[in-house]
Amino acid sequence: MSQSTPQAVVERALELSRADACMVLVEETSTANLRWAGNSLTTNGVTRGRTVTVVALAGQGDAVSVGVRARSGLRDDELPDLVAAAEAAAAEATPLADARPLAEPAAAGSGGSWDAPAAATDISVFGDFAPGLGRAFSASAAAGRALYGYAEHGVTSTFYGSSTGVRLRHDQPTGTVELNAKSPASENGGHSAWVGRATRDFTDIDMGALQAELDRRMEWATRRVDLPAGRYETLLPPTAVADMLVNMYWSMGADDAAEGRTVFSGPEGGTRLGERLARLPLTLYSDPAEPGLECTPFVLADGPGRDITAFDNGLPLRRTEWLSAGELSALAQTRASAERTGLPMTGRIDNLVLEESGATATLDDMVARTERGLLVTCLWYIRQVDPQSLLLTGLTRDGVYLVEDGRVTGAVNNFRFNESPVSLLERATEAGAAIPALSRELGDYFPRTAMPPLRIPDFNMSTVSQAS
(Lines give C-alpha, C1' and ligand atoms only; values in the text may rest on other atoms or scores of the structure.)
Protein backbone atom coordinates (compact mmCIF):
# COMPACT_ATOMS: atom_id res chain seq x y z
CA MET A 1 0.00 0.00 0.00
CA SER A 2 1.04 3.58 -0.60
CA GLN A 3 2.79 5.30 2.28
CA SER A 4 2.36 8.79 0.82
CA THR A 5 -0.36 11.07 2.13
CA PRO A 6 -3.41 11.47 -0.12
CA GLN A 7 -2.43 15.08 -0.74
CA ALA A 8 1.02 13.96 -1.91
CA VAL A 9 -0.55 11.39 -4.25
CA VAL A 10 -2.70 14.11 -5.85
CA GLU A 11 0.31 16.39 -6.36
CA ARG A 12 2.55 13.62 -7.69
CA ALA A 13 -0.06 12.37 -10.16
CA LEU A 14 -0.58 15.89 -11.52
CA GLU A 15 3.19 16.30 -11.88
CA LEU A 16 3.41 13.03 -13.80
CA SER A 17 0.55 13.89 -16.15
CA ARG A 18 1.36 14.90 -19.73
CA ALA A 19 -2.30 15.20 -20.71
CA ASP A 20 -3.83 18.46 -21.92
CA ALA A 21 -5.69 18.57 -18.60
CA CYS A 22 -5.90 16.23 -15.64
CA MET A 23 -7.97 15.59 -12.52
CA VAL A 24 -7.02 13.36 -9.60
CA LEU A 25 -9.29 12.06 -6.85
CA VAL A 26 -8.01 10.18 -3.81
CA GLU A 27 -10.58 8.61 -1.50
CA GLU A 28 -9.50 7.51 1.96
CA THR A 29 -12.19 5.36 3.56
CA SER A 30 -12.46 3.76 6.97
CA THR A 31 -15.41 1.76 8.27
CA ALA A 32 -16.46 0.04 11.48
CA ASN A 33 -19.35 -2.41 11.69
CA LEU A 34 -21.34 -4.69 13.97
CA ARG A 35 -23.57 -7.57 12.86
CA TRP A 36 -25.95 -9.58 15.04
CA ALA A 37 -28.38 -12.48 14.68
CA GLY A 38 -30.60 -14.37 17.10
CA ASN A 39 -30.02 -11.82 19.91
CA SER A 40 -26.24 -12.15 19.76
CA LEU A 41 -23.37 -10.32 18.12
CA THR A 42 -21.87 -12.41 15.33
CA THR A 43 -19.17 -10.27 13.73
CA ASN A 44 -17.49 -6.91 14.00
CA GLY A 45 -14.70 -5.33 12.05
CA VAL A 46 -12.78 -2.26 10.97
CA THR A 47 -11.48 -1.62 7.46
CA ARG A 48 -9.31 1.00 5.81
CA GLY A 49 -8.90 1.62 2.11
CA ARG A 50 -7.70 4.04 -0.54
CA THR A 51 -8.80 4.49 -4.13
CA VAL A 52 -6.96 6.69 -6.60
CA THR A 53 -8.74 7.89 -9.75
CA VAL A 54 -7.00 9.71 -12.59
CA VAL A 55 -9.11 11.52 -15.21
CA ALA A 56 -6.99 12.51 -18.21
CA LEU A 57 -8.22 14.87 -20.95
CA ALA A 58 -6.80 14.93 -24.47
CA GLY A 59 -7.56 17.68 -26.97
CA GLN A 60 -8.97 21.19 -26.83
CA GLY A 61 -12.28 22.96 -27.44
CA ASP A 62 -14.91 20.71 -29.01
CA ALA A 63 -12.50 17.81 -29.50
CA VAL A 64 -11.80 16.65 -25.95
CA SER A 65 -11.65 12.97 -25.13
CA VAL A 66 -11.47 11.49 -21.65
CA GLY A 67 -9.69 8.54 -20.12
CA VAL A 68 -10.45 7.35 -16.60
CA ARG A 69 -8.52 4.80 -14.60
CA ALA A 70 -8.96 3.94 -10.92
CA ARG A 71 -7.12 1.57 -8.64
CA SER A 72 -7.33 0.53 -5.00
CA GLY A 73 -4.39 -0.59 -2.89
CA LEU A 74 -2.02 1.44 -5.06
CA ARG A 75 1.67 1.52 -4.16
CA ASP A 76 3.65 4.71 -4.69
CA ASP A 77 5.71 3.09 -7.44
CA GLU A 78 2.53 2.12 -9.33
CA LEU A 79 1.24 5.68 -9.67
CA PRO A 80 3.13 6.46 -12.93
CA ASP A 81 1.52 3.41 -14.56
CA LEU A 82 -1.95 4.54 -13.46
CA VAL A 83 -1.45 8.03 -14.89
CA ALA A 84 -0.09 6.60 -18.14
CA ALA A 85 -3.05 4.22 -18.42
CA ALA A 86 -5.54 7.08 -18.07
CA GLU A 87 -3.71 9.08 -20.72
CA ALA A 88 -3.63 6.10 -23.08
CA ALA A 89 -7.38 5.64 -22.59
CA ALA A 90 -7.96 9.32 -23.39
CA ALA A 91 -5.91 9.06 -26.59
CA GLU A 92 -8.10 6.16 -27.78
CA ALA A 93 -11.47 7.61 -26.73
CA THR A 94 -14.01 9.39 -28.91
CA PRO A 95 -14.25 13.17 -28.30
CA LEU A 96 -17.20 14.22 -26.12
CA ALA A 97 -19.64 16.93 -27.13
CA ASP A 98 -20.25 17.87 -23.48
CA ALA A 99 -16.63 18.71 -22.68
CA ARG A 100 -16.15 22.04 -20.91
CA PRO A 101 -13.05 23.79 -19.52
CA LEU A 102 -12.15 22.68 -16.02
CA ALA A 103 -12.98 25.05 -13.18
CA GLU A 104 -10.36 27.57 -12.14
CA PRO A 105 -9.70 28.19 -8.42
CA ALA A 106 -11.69 31.45 -8.43
CA ALA A 107 -14.84 29.62 -9.58
CA ALA A 108 -14.47 26.58 -7.34
CA GLY A 109 -16.39 25.91 -4.16
CA SER A 110 -14.95 25.53 -0.69
CA GLY A 111 -14.18 22.44 1.35
CA GLY A 112 -12.33 21.29 4.42
CA SER A 113 -8.70 21.92 5.29
CA TRP A 114 -6.56 20.56 2.46
CA ASP A 115 -3.54 19.86 4.66
CA ALA A 116 -5.29 18.04 7.50
CA PRO A 117 -4.90 14.26 7.72
CA ALA A 118 -7.67 12.08 6.36
CA ALA A 119 -10.52 11.57 8.82
CA ALA A 120 -11.15 8.09 10.21
CA THR A 121 -13.50 6.06 12.35
CA ASP A 122 -13.04 3.03 14.58
CA ILE A 123 -15.04 0.63 16.71
CA SER A 124 -15.30 3.17 19.54
CA VAL A 125 -18.00 4.97 17.54
CA PHE A 126 -20.39 2.32 18.92
CA GLY A 127 -19.44 3.06 22.54
CA ASP A 128 -22.86 4.47 23.48
CA PHE A 129 -24.86 2.37 21.03
CA ALA A 130 -23.56 -1.10 21.96
CA PRO A 131 -24.82 -1.20 25.58
CA GLY A 132 -28.32 -0.30 24.37
CA LEU A 133 -28.08 -3.05 21.78
CA GLY A 134 -27.19 -5.53 24.52
CA ARG A 135 -30.25 -4.50 26.51
CA ALA A 136 -32.37 -4.96 23.38
CA PHE A 137 -31.04 -8.52 23.00
CA SER A 138 -32.16 -9.36 26.53
CA ALA A 139 -35.57 -7.77 26.05
CA SER A 140 -36.15 -9.58 22.76
CA ALA A 141 -35.14 -12.93 24.23
CA ALA A 142 -37.46 -12.41 27.19
CA ALA A 143 -40.32 -11.70 24.77
CA GLY A 144 -39.57 -14.86 22.77
CA ARG A 145 -38.33 -12.94 19.74
CA ALA A 146 -35.06 -12.84 17.85
CA LEU A 147 -33.28 -9.66 16.86
CA TYR A 148 -31.19 -9.41 13.68
CA GLY A 149 -29.39 -6.48 12.16
CA TYR A 150 -26.36 -4.52 11.13
CA ALA A 151 -24.73 -1.23 12.10
CA GLU A 152 -22.02 0.49 10.10
CA HIS A 153 -20.16 3.75 10.37
CA GLY A 154 -17.83 5.04 7.72
CA VAL A 155 -15.84 8.17 7.00
CA THR A 156 -14.63 8.99 3.50
CA SER A 157 -12.14 11.79 2.96
CA THR A 158 -11.96 12.77 -0.70
CA PHE A 159 -9.09 14.88 -2.00
CA TYR A 160 -9.56 16.48 -5.41
CA GLY A 161 -6.92 18.25 -7.45
CA SER A 162 -6.88 19.52 -11.02
CA SER A 163 -4.26 20.78 -13.42
CA THR A 164 -6.00 24.19 -13.28
CA GLY A 165 -4.91 24.54 -9.64
CA VAL A 166 -8.09 23.59 -7.79
CA ARG A 167 -7.50 21.77 -4.51
CA LEU A 168 -10.54 20.66 -2.50
CA ARG A 169 -11.27 18.06 0.16
CA HIS A 170 -14.39 16.84 1.89
CA ASP A 171 -14.87 14.50 4.85
CA GLN A 172 -18.14 12.57 4.76
CA PRO A 173 -19.27 10.60 7.83
CA THR A 174 -22.09 8.13 7.19
CA GLY A 175 -23.74 5.72 9.60
CA THR A 176 -26.73 3.41 9.40
CA VAL A 177 -28.40 0.93 11.71
CA GLU A 178 -31.08 -1.57 10.68
CA LEU A 179 -32.92 -3.96 12.98
CA ASN A 180 -35.29 -6.83 12.29
CA ALA A 181 -37.37 -8.51 14.97
CA LYS A 182 -38.77 -11.97 14.24
CA SER A 183 -41.25 -14.10 16.12
CA PRO A 184 -41.29 -17.91 15.88
CA ALA A 185 -43.49 -19.57 13.29
CA SER A 186 -45.55 -21.05 16.11
CA GLU A 187 -46.92 -17.58 16.85
CA ASN A 188 -49.63 -17.10 14.22
CA GLY A 189 -47.26 -18.20 11.48
CA GLY A 190 -44.51 -15.83 12.61
CA HIS A 191 -44.05 -12.16 11.91
CA SER A 192 -41.20 -9.74 11.31
CA ALA A 193 -40.76 -5.99 11.68
CA TRP A 194 -38.03 -3.59 10.58
CA VAL A 195 -36.75 -0.23 11.73
CA GLY A 196 -33.76 1.72 10.45
CA ARG A 197 -32.01 5.03 11.05
CA ALA A 198 -29.22 7.02 9.47
CA THR A 199 -26.69 8.95 11.56
CA ARG A 200 -23.47 10.88 11.28
CA ASP A 201 -21.83 9.58 14.45
CA PHE A 202 -24.27 7.27 16.40
CA THR A 203 -24.59 9.76 19.26
CA ASP A 204 -28.20 10.46 18.21
CA ILE A 205 -29.30 6.80 17.97
CA ASP A 206 -31.80 5.97 20.73
CA MET A 207 -31.66 2.18 20.90
CA GLY A 208 -34.43 2.11 23.47
CA ALA A 209 -36.78 3.98 21.13
CA LEU A 210 -35.94 1.66 18.23
CA GLN A 211 -36.62 -1.38 20.40
CA ALA A 212 -39.90 0.11 21.60
CA GLU A 213 -41.04 0.68 18.02
CA LEU A 214 -40.16 -2.89 17.07
CA ASP A 215 -42.06 -4.16 20.12
CA ARG A 216 -45.10 -2.12 19.17
CA ARG A 217 -45.13 -3.44 15.62
CA MET A 218 -44.72 -7.02 16.81
CA GLU A 219 -47.67 -6.56 19.17
CA TRP A 220 -49.75 -5.25 16.27
CA ALA A 221 -49.10 -8.54 14.50
CA THR A 222 -50.66 -10.78 17.13
CA ARG A 223 -53.79 -10.60 14.97
CA ARG A 224 -53.48 -11.63 11.30
CA VAL A 225 -55.83 -10.29 8.60
CA ASP A 226 -55.80 -11.47 4.98
CA LEU A 227 -56.87 -8.89 2.42
CA PRO A 228 -57.21 -9.11 -1.37
CA ALA A 229 -55.38 -6.97 -3.90
CA GLY A 230 -56.91 -3.58 -4.63
CA ARG A 231 -56.61 0.12 -4.00
CA TYR A 232 -56.43 1.09 -0.34
CA GLU A 233 -56.12 4.31 1.59
CA THR A 234 -52.52 3.93 2.69
CA LEU A 235 -50.25 5.65 5.14
CA LEU A 236 -46.60 5.66 4.08
CA PRO A 237 -44.13 6.42 6.89
CA PRO A 238 -41.09 8.58 6.12
CA THR A 239 -38.87 5.55 5.40
CA ALA A 240 -41.23 4.28 2.67
CA VAL A 241 -41.66 7.79 1.25
CA ALA A 242 -37.85 7.96 1.00
CA ASP A 243 -37.83 4.75 -1.06
CA MET A 244 -40.19 6.31 -3.60
CA LEU A 245 -38.75 9.84 -3.65
CA VAL A 246 -35.11 8.79 -4.03
CA ASN A 247 -36.15 6.85 -7.12
CA MET A 248 -37.83 10.01 -8.40
CA TYR A 249 -34.78 12.16 -7.64
CA TRP A 250 -32.51 9.83 -9.57
CA SER A 251 -34.80 10.24 -12.60
CA MET A 252 -34.75 14.05 -12.56
CA GLY A 253 -32.12 14.58 -15.25
CA ALA A 254 -32.63 17.63 -17.45
CA ASP A 255 -31.14 16.07 -20.59
CA ASP A 256 -33.34 12.98 -20.44
CA ALA A 257 -36.42 15.12 -19.78
CA ALA A 258 -35.64 17.50 -22.66
CA GLU A 259 -35.20 14.53 -24.99
CA GLY A 260 -38.64 13.15 -24.13
CA ARG A 261 -37.39 10.14 -22.18
CA THR A 262 -38.93 10.61 -18.73
CA VAL A 263 -41.99 11.56 -16.73
CA PHE A 264 -40.55 15.09 -16.56
CA SER A 265 -40.70 15.52 -20.35
CA GLY A 266 -43.22 17.98 -21.77
CA PRO A 267 -46.02 16.46 -23.91
CA GLU A 268 -45.04 18.67 -26.85
CA GLY A 269 -41.30 18.77 -26.27
CA GLY A 270 -39.12 20.38 -23.63
CA THR A 271 -39.70 19.74 -19.95
CA ARG A 272 -42.47 20.09 -17.40
CA LEU A 273 -40.65 22.83 -15.47
CA GLY A 274 -43.21 25.20 -13.99
CA GLU A 275 -45.96 22.56 -13.98
CA ARG A 276 -47.71 21.68 -10.74
CA LEU A 277 -46.91 18.06 -9.85
CA ALA A 278 -48.19 17.83 -6.26
CA ARG A 279 -51.68 18.53 -4.94
CA LEU A 280 -50.23 19.66 -1.62
CA PRO A 281 -47.79 22.61 -1.41
CA LEU A 282 -44.81 20.28 -1.04
CA THR A 283 -41.23 21.43 -1.45
CA LEU A 284 -38.53 18.97 -2.47
CA TYR A 285 -35.01 20.27 -2.06
CA SER A 286 -31.36 19.38 -1.59
CA ASP A 287 -28.90 21.44 0.42
CA PRO A 288 -25.26 20.52 1.22
CA ALA A 289 -25.58 22.45 4.49
CA GLU A 290 -28.87 20.86 5.67
CA PRO A 291 -28.42 20.26 9.44
CA GLY A 292 -27.84 16.57 10.13
CA LEU A 293 -27.71 15.77 6.41
CA GLU A 294 -24.55 17.69 5.51
CA CYS A 295 -22.82 16.47 2.35
CA THR A 296 -20.26 17.42 -0.29
CA PRO A 297 -20.64 21.14 -1.10
CA PHE A 298 -19.06 20.95 -4.56
CA VAL A 299 -19.40 18.78 -7.66
CA LEU A 300 -17.38 15.60 -7.35
CA ALA A 301 -17.50 13.02 -10.13
CA ASP A 302 -15.03 10.39 -11.30
CA GLY A 303 -15.88 10.63 -15.00
CA PRO A 304 -18.13 12.19 -17.64
CA GLY A 305 -21.90 11.76 -17.40
CA ARG A 306 -25.27 13.21 -18.34
CA ASP A 307 -26.46 14.54 -14.97
CA ILE A 308 -23.14 14.85 -13.16
CA THR A 309 -19.79 15.09 -14.90
CA ALA A 310 -16.13 15.42 -14.00
CA PHE A 311 -15.96 18.46 -16.31
CA ASP A 312 -17.84 20.33 -13.56
CA ASN A 313 -15.71 19.05 -10.69
CA GLY A 314 -15.09 21.62 -7.99
CA LEU A 315 -17.99 23.91 -8.87
CA PRO A 316 -20.02 24.92 -5.79
CA LEU A 317 -23.33 23.29 -4.91
CA ARG A 318 -26.04 25.26 -3.13
CA ARG A 319 -29.57 24.66 -1.90
CA THR A 320 -31.72 23.68 -4.88
CA GLU A 321 -35.50 23.35 -4.87
CA TRP A 322 -36.62 20.62 -7.24
CA LEU A 323 -40.28 21.19 -6.33
CA SER A 324 -41.42 24.55 -4.98
CA ALA A 325 -44.86 24.52 -3.32
CA GLY A 326 -45.80 21.59 -5.55
CA GLU A 327 -44.40 22.96 -8.83
CA LEU A 328 -41.47 21.43 -10.70
CA SER A 329 -38.79 24.11 -10.41
CA ALA A 330 -35.48 22.44 -11.31
CA LEU A 331 -33.92 19.37 -12.90
CA ALA A 332 -30.38 18.08 -12.42
CA GLN A 333 -28.05 19.72 -14.94
CA THR A 334 -24.43 19.99 -15.91
CA ARG A 335 -22.98 23.16 -17.44
CA ALA A 336 -23.38 21.59 -20.87
CA SER A 337 -27.06 20.69 -20.44
CA ALA A 338 -27.74 24.10 -18.85
CA GLU A 339 -26.46 25.76 -22.01
CA ARG A 340 -28.84 23.65 -24.08
CA THR A 341 -31.88 24.29 -21.89
CA GLY A 342 -31.12 27.93 -21.11
CA LEU A 343 -31.51 27.24 -17.39
CA PRO A 344 -29.00 27.55 -14.53
CA MET A 345 -26.69 24.65 -13.75
CA THR A 346 -28.19 22.65 -10.89
CA GLY A 347 -25.82 19.88 -9.91
CA ARG A 348 -26.89 16.75 -8.07
CA ILE A 349 -26.55 16.97 -4.30
CA ASP A 350 -26.18 13.99 -2.00
CA ASN A 351 -29.25 14.58 0.18
CA LEU A 352 -32.98 15.08 -0.27
CA VAL A 353 -35.73 16.68 1.83
CA LEU A 354 -39.51 16.72 1.21
CA GLU A 355 -41.63 18.97 3.39
CA GLU A 356 -44.87 20.90 3.59
CA SER A 357 -44.40 24.21 5.35
CA GLY A 358 -46.25 24.26 8.65
CA ALA A 359 -47.06 20.53 8.69
CA THR A 360 -46.75 19.12 12.21
CA ALA A 361 -48.60 15.80 12.18
CA THR A 362 -46.77 12.65 13.21
CA LEU A 363 -47.47 9.25 11.73
CA ASP A 364 -49.39 8.39 14.90
CA ASP A 365 -51.54 11.49 14.44
CA MET A 366 -52.37 10.38 10.91
CA VAL A 367 -53.22 6.86 12.08
CA ALA A 368 -55.61 8.35 14.64
CA ARG A 369 -57.45 10.17 11.82
CA THR A 370 -57.82 7.08 9.64
CA GLU A 371 -61.19 5.29 9.52
CA ARG A 372 -59.90 2.30 7.57
CA GLY A 373 -56.69 1.82 5.64
CA LEU A 374 -53.24 0.29 5.52
CA LEU A 375 -49.99 1.29 7.20
CA VAL A 376 -47.10 0.10 5.02
CA THR A 377 -43.88 0.36 7.00
CA CYS A 378 -41.35 -0.50 4.29
CA LEU A 379 -41.01 -1.36 0.61
CA TRP A 380 -38.59 -3.73 -1.10
CA TYR A 381 -37.31 -4.98 -4.46
CA ILE A 382 -38.38 -1.81 -6.25
CA ARG A 383 -37.85 -1.82 -10.00
CA GLN A 384 -38.73 0.65 -12.74
CA VAL A 385 -41.41 -0.47 -15.19
CA ASP A 386 -41.97 2.62 -17.37
CA PRO A 387 -39.70 5.71 -17.43
CA GLN A 388 -42.38 7.79 -19.19
CA SER A 389 -44.58 7.64 -16.09
CA LEU A 390 -41.88 6.53 -13.64
CA LEU A 391 -44.06 3.54 -12.80
CA LEU A 392 -42.35 1.41 -10.18
CA THR A 393 -43.18 -2.08 -8.99
CA GLY A 394 -42.07 -3.68 -5.77
CA LEU A 395 -43.09 -5.60 -2.68
CA THR A 396 -44.17 -4.73 0.82
CA ARG A 397 -42.03 -6.28 3.52
CA ASP A 398 -41.67 -6.63 7.28
CA GLY A 399 -44.91 -4.99 8.28
CA VAL A 400 -48.19 -4.15 6.54
CA TYR A 401 -50.86 -3.29 9.11
CA LEU A 402 -54.60 -2.69 9.10
CA VAL A 403 -55.83 0.59 10.57
CA GLU A 404 -59.45 0.72 11.75
CA ASP A 405 -61.19 3.54 13.61
CA GLY A 406 -57.94 5.34 14.36
CA ARG A 407 -55.83 2.46 15.60
CA VAL A 408 -53.78 -0.42 14.25
CA THR A 409 -55.74 -3.66 14.63
CA GLY A 410 -53.60 -6.32 13.00
CA ALA A 411 -50.99 -7.37 10.46
CA VAL A 412 -51.93 -7.87 6.81
CA ASN A 413 -50.46 -10.13 4.15
CA ASN A 414 -47.82 -8.71 1.81
CA PHE A 415 -48.57 -7.25 -1.62
CA ARG A 416 -46.92 -6.38 -4.89
CA PHE A 417 -47.53 -2.73 -5.68
CA ASN A 418 -47.46 -0.67 -8.87
CA GLU A 419 -47.07 3.05 -8.27
CA SER A 420 -45.26 6.12 -9.57
CA PRO A 421 -43.77 8.53 -7.03
CA VAL A 422 -44.87 11.40 -9.29
CA SER A 423 -48.43 10.08 -9.25
CA LEU A 424 -48.25 9.64 -5.46
CA LEU A 425 -47.41 13.33 -5.09
CA GLU A 426 -50.31 14.22 -7.37
CA ARG A 427 -52.74 12.21 -5.22
CA ALA A 428 -51.42 12.63 -1.66
CA THR A 429 -54.06 14.23 0.54
CA GLU A 430 -52.01 14.75 3.71
CA ALA A 431 -48.38 15.18 4.64
CA GLY A 432 -46.99 15.17 8.16
CA ALA A 433 -43.83 16.70 9.57
CA ALA A 434 -40.59 15.77 7.81
CA ILE A 435 -38.10 13.78 9.89
CA PRO A 436 -34.78 12.06 9.06
CA ALA A 437 -35.60 8.81 7.28
CA LEU A 438 -33.53 5.87 6.08
CA SER A 439 -34.81 4.29 2.88
CA ARG A 440 -35.14 0.51 3.39
CA GLU A 441 -33.91 -0.45 -0.08
CA LEU A 442 -31.80 2.54 -1.12
CA GLY A 443 -30.37 3.67 2.21
CA ASP A 444 -27.03 1.99 1.54
CA TYR A 445 -26.60 4.24 -1.51
CA PHE A 446 -28.47 7.38 -0.47
CA PRO A 447 -28.88 7.59 3.32
CA ARG A 448 -29.28 11.35 3.81
CA THR A 449 -33.01 12.04 3.49
CA ALA A 450 -35.75 13.70 5.54
CA MET A 451 -39.33 12.87 4.61
CA PRO A 452 -42.87 13.30 5.94
CA PRO A 453 -45.44 10.55 6.30
CA LEU A 454 -47.94 10.71 3.43
CA ARG A 455 -51.59 9.72 3.12
CA ILE A 456 -52.42 8.19 -0.27
CA PRO A 457 -56.17 7.68 -0.81
CA ASP A 458 -55.86 4.86 -3.34
CA PHE A 459 -52.46 3.16 -3.22
CA ASN A 460 -52.40 0.35 -5.81
CA MET A 461 -51.73 -3.05 -4.26
CA SER A 462 -51.81 -4.89 -7.57
CA THR A 463 -51.51 -8.50 -6.35
CA VAL A 464 -51.15 -10.45 -3.13
CA SER A 465 -47.56 -11.53 -2.52
CA GLN A 466 -46.54 -14.81 -0.91
CA ALA A 467 -43.30 -13.22 0.32
CA SER A 468 -42.85 -13.28 4.08
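## A walk through the predicted model

The count comes to 1 cavity of 30 Å³ or more, where a cavity is a set of points, on a 1 Å grid over the protein atoms alone, at which a 1.4 Å probe fits but cannot get out. Grid points are joined across faces, edges and corners, and a volume is the space filled by probe spheres set on the points. The model is predicted: local features need pLDDT of at least 70, side-chain atom pairs count only at pLDDT 80 or more, and totals for chains, interfaces and linings use all residues. Residues are numbered from 1 along each chain as its sequence is written, and side-chain values use heavy atoms, with hydrogens and water left out.

### Empty space

The largest cavity holds about 40 Å³ of space. Its lining includes Val299, Asp307, Ile308, Met345 and Arg348; lining residues have an atom within 4 Å of a point.

What is the volume of the largest pocket? About 1100 Å³ of space lies there. Of the 37 residues that line this pocket, Glu27, Gln172, Asp350, Tyr445 and Arg448 are the closest to its centre. A pocket here is an open set of points with protein on both sides within 12 Å along at least five of seven lines. At least two lining residues come from each of β1, β2, β4, β5 and α5 (238–250), and β5 gives the most, with 6 residues. These helices (H or I, at least four residues) and strands (E, at least two) are DSSP runs, numbered from the N terminus.

### Helix α1 and its cover

Helix α1 spans residues 6–16, and its buried residues are Pro6, Gln7, Val9, Val10, Ala13 and Leu14. Seen down the axis of α1, these buried residues fall within an arc of 165 degrees, so they line one face of the helix; the arc is that of the directions from the helix axis to the C-beta atoms. Buried means under 20% relative accessible area, exposed over 50%, and partly exposed in between (1.4 Å probe, protein chains only). The cover over the buried residues of α1 includes β1 (21–37), β2 (40–58), α2 (79–92), β4 (146–162) and β5 (167–182).

Ser163 sits in the loop between β4 and β5. Leaving aside neighbours within four places in sequence, Ser163 is in contact (heavy atoms within 4.5 Å) with Leu14, Ala21, Cys22 and Leu102. Ser163 and Ala89 are 74 residues apart in sequence and 18 Å apart in space, C-alpha to C-alpha.

### The annotated span and its sheet

An unreviewed UniProt entry carries the annotation "domain: Metalloprotease TldD/E C-terminal" for residues 230–462. UniProt positions are given in the numbering used here, feature names are shortened, and annotations may be inferred rather than shown by experiment. The end C-alpha atoms of residues 230–462 lie 6 Å apart, and the span is 16% helix and 32% strand.

Now to an open sheet of 6 strands, which has the order β11-β10-β9-β12-β21-β20 and mixed pairing. At its edges stand β11 (327–328) and β20 (435–436), each with a single partner strand, so one side of each is left without a neighbour in the sheet. Two strands pair if DSSP finds at least two bridges between them.

Why is strand β12 (residues 352–356) largely enclosed by the rest of the structure? It is because 4 of its 5 residues are buried. Strand β9 (residues 282–286) runs antiparallel to β12, joined by 4 bridges, and Tyr285 stands opposite Val353 in β12. With strand β21 (residues 449–451), β12 runs parallel over 2 bridges, and Leu352 stands opposite Thr449 in β21. β9 also pairs with β10 in the antiparallel sense over 3 bridges, where Leu284 has Leu323 as its bridge partner.

Glu321 belongs to strand β10 (residues 320–324). Beyond its neighbours within four places in sequence, Glu321 is in contact with Thr283, Leu284, Tyr285, Ser329 and Ala330. The C-alpha atoms of Glu321 and Gly61, 260 residues apart along the chain, are separated by 32 Å.

### Four residues side by side

| Residue | Place | Relative accessibility | Class |
|---|---|---|---|
| Ser163 | loop between β4 and β5 | 45% | partly exposed |
| Phe202 | loop between β6 (192–199) and α4 (207–220) | 2% | buried |
| Glu321 | strand β10 | 29% | partly exposed |
| Ala325 | loop between β10 and β11 | 37% | partly exposed |

Most residues other than glycine have a negative phi. Phe202, however, has a positive phi of about 70 degrees, and phi of Ala325 is near 50 degrees, also a positive value.
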